[in-house]
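Q: Could you walk me through reading charged side-chain pairs in a model like this?

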Amino acid sequence: MKENDSLKKYLAEFVGTFVLVLFACGTAVVVGCDTRAGYLAVALSFGLVIVAMAYSIGNISGCHINPAVSLAMFISKKMSLEDFIGYVIAQFLGATAGAGVLAYLVGKESGLGINTIANYGWAKSFVVEVILTFVFVLAIIGVTSKESFSSVAGIVIGLSLTLVHLLGIRFTGTSVNPARSFGPAVLVGGDQLKGLWVFIVAPLVGGALAAFCYKFLADKQSK
């Protein structure tokens, strides 16, 4: 029974990350960020996907759909090592599948909503991604820490993702999610793989920092 429940969680994470990449990265491709309206639409699309998934698969897997979130939950001792590994694998597979469908629909030459360090260099991009992920994951940990917040958690998390996109799109396209960056980059290939490490490592660092920061603040508060 426990194994079956775990598989359902992993499948939910696969589906959620698949939808995130297909719809949110797809919006970035179709609408673009060249205008203010397009910029806002892309930011909102990422947030709206999180809202939709939170209220559909959230009761199954918690709707992490992001390895940085799963790492923070693991550090916070809210999930086992086995589930952490299962979640991350499912997330990367879901993101790659989503990117694959998007490539079929619009062609990989569209860029598939990849993240890039071309304009600001790896160092600044790394710092930006750490900060954006820290804010996003800190909001997630905070709003999921109390049962009384459960009814609005999905909305808060979705709006938080929209918020970090509003700032981050200009700098890196906003990753805050290693799986979201991995899927499109692997399918586009070429030079896009050179900077991929930034969008894998930086969000994980930001997520870990958020977990430790919240633990420190919560411990202080309890005392």
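A: Sure, and keep in mind that this is a predicted model. The general idea is to look for a side-chain nitrogen of Lys or Arg within 4 Å of a carboxyl oxygen of Asp or Glu. Here, the structure holds three salt bridges.

Q: Which residue does Asp83 pair with, and how far apart are the closest N and O atoms?

A: Asp83 pairs with Lys9, with 3.8 Å between the closest N and O atoms. That contact links distant parts of the chain: Lys9 sits in helix α1 (residues 2-31) and Asp83 in helix α5 (residues 81-106), 74 residues apart.

Q: Is Asp83 buried or exposed?

A: The general idea is to check relative accessible area, where under 20% means buried and over 50% means exposed. Asp83 comes out at 12%, so it counts as buried. Its partner Lys9 is partly exposed, at 26%.

Q: Where does Lys215 find its partner, and how many residues apart are the two in helix α9?

A: Lys215 bridges to Asp219, the closest N and O atoms being 3.2 Å apart. The two are about one helical turn from each other, because they lie four residues apart in helix α9 (residues 196-222). Lys215 is partly exposed at 49% relative accessible area, and Asp219 is partly exposed too, at 32%.

Q: What about Asp191 and Lys194: which distance separates N and O there?

A: Those side chains meet in a salt bridge at 3.3 Å, N to O. Run the accessibility check again: Asp191 is exposed at 57%, and Lys194 is exposed at 63%.

Methods
Residues are numbered from 1 along each chain as its sequence is written. This is a predicted model: local features need pLDDT of at least 70, side-chain atom pairs count only at pLDDT 80 or more; totals for chains, interfaces and linings use all residues. Side-chain values use heavy atoms; hydrogens and water are left out. Buried means under 20% relative accessible area, exposed over 50%, partly exposed in between (1.4 Å probe, protein chains only).
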